[in-house]
Amino acid sequence: MFDVIIIGGSFAGLSAALQLARTRRPIAIIDAGTPRNRFASHAHGVLAQDGKPGSAILAEARAQLAAYPNVTQLSGTVNLAAPLASAKLAFQVALNDGTVVQGRRLILATGVRDILPELPGVAERWGRSVLHCPYCHGYEIGGGPIGVLGRLPASVHQASLIADWGDVTLFTAGMPPLDDDALALLARRKVSIEGSAVTAIEGESPAISGVRLADGRLIPLRALFLAAPVQQASPLAQQLGCELEEGMMGPIVQVDAMKMTSVPGVHAAGDAARAMANISFAMADGVMAAVGAHHALITEEGQAQPA
């Protein structure tokens, strides 16, 4: 019986594991090996790690955790998480290889999955020259022509923001008509508007030279941003009965200030439980979820003691 089982071994999960490792309590962390940012070659905007590959940061974190004898690291996908009938507040977790572990608390750091448009050239460039976060990638573009593929009402805000990083064109085909406020904002930010549909991305992948429009024109670009809707990468939150709420780009797990979900004993951290996502946010969430789970254990243990 572990005190805490952490499901998800990327930035939120590993940050939670490190905090809990230092409490000397027995914990387990389970990693499926598919972090959301695996498509990007380098991580930027992470304090003291700027420009380092995300995979290298995660590998170093796992190596550091291995020095703590109270930490068990497991590889695999969790297929089932459910309350343990034989205990007042505990859970059983089953992995795809048949391994079953039990814990008094769960931290879900299972992340989200980006839903990309079915546009030729997007998937193989995702995280390289087709992007979603200017804070993560904008500086490296170095200015020049940048496209924003309009998919959602939020694309107007995205285009106005990205204008700080280059000369932006917003491709509006498929979006609802822009109202006067949106047009005024885009004009103030010097964002060009292009109504013809984008039919393909051109250039030698993973680079981009431009986008081809339905009318045959080629618009030169150095990068293309898009607002990607998301879905929960794992069904575990719903399986456990955790309440979801609608985030900016899709459903996220509802949590309180200590990252506790609506289900007692279950915390959630990182992209699965926050609307705005990056590595630093995920790590901070992991720390808070770990502290929340630890405090909850202490409270439970105190209540169990005789007066």
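**Exercise 1. Find how strand 9 and strand 15 are joined in this predicted model.**

Solution. Start with residues 145-149, which form strand 9, and residues 223-226, which form strand 15. The two strands run parallel, and four bridges join them. Now pick out Leu 149: its bridge partner in strand 15 is Leu 226.

**Exercise 2. Place strand 9 and strand 15 in their sheet, and name the edge strands.**

Solution. Read the strand order first: 8-15-9-10-11. This is an open sheet of five strands with parallel pairing. Next, look for strands that pair on one side only; these are strand 8 (130-131) and strand 11 (192-194), the edge strands.

**Exercise 3. Work out which strands helix 3 and helix 4 meet.**

Solution. Take helix 3, residues 134-141, which lies across strand 8, strand 9 and strand 15. Helix 3 runs at about 165° to strand 15. Then turn to helix 4, residues 154-162: this helix packs on the sheet and touches strand 9, strand 10 (167-171) and strand 15. The direction of helix 4 makes about 165° with that of strand 9.

**Exercise 4. Explore the largest nonpolar core, then look for another one.**

Solution. Begin with the 27 residues of the largest core; Ile 27 is among those with the most contacts inside it, as are Val 4 and Leu 20. Then ask which elements contribute: strand 1 (2-7), strand 2 (27-31) and helix 7 (279-304) are among those supplying at least two residues each. Helix 1 gives the most, with seven residues. Finally, find the separate core of 22 residues, which includes Val 78, Ala 81, Leu 240 and Val 253.

Technical notes: Residues numbered from 1 in each chain as written. Predicted model: local features only at pLDDT ≥ 70, side-chain atom pairs only at ≥ 80, totals over all residues. Heavy atoms only, no water. Core = buried A, V, L, I, M, F, W, Y, C linked by side-chain atoms within 4.5 Å. Buried < 20%, exposed > 50% of the residue type's maximum accessible area, 1.4 Å probe, protein only. Pairing = 2+ DSSP bridges. Contact = heavy atoms within 4.5 Å. Axes fitted to C-alpha atoms, helices over the stretch in contact; angles between N-to-C directions.
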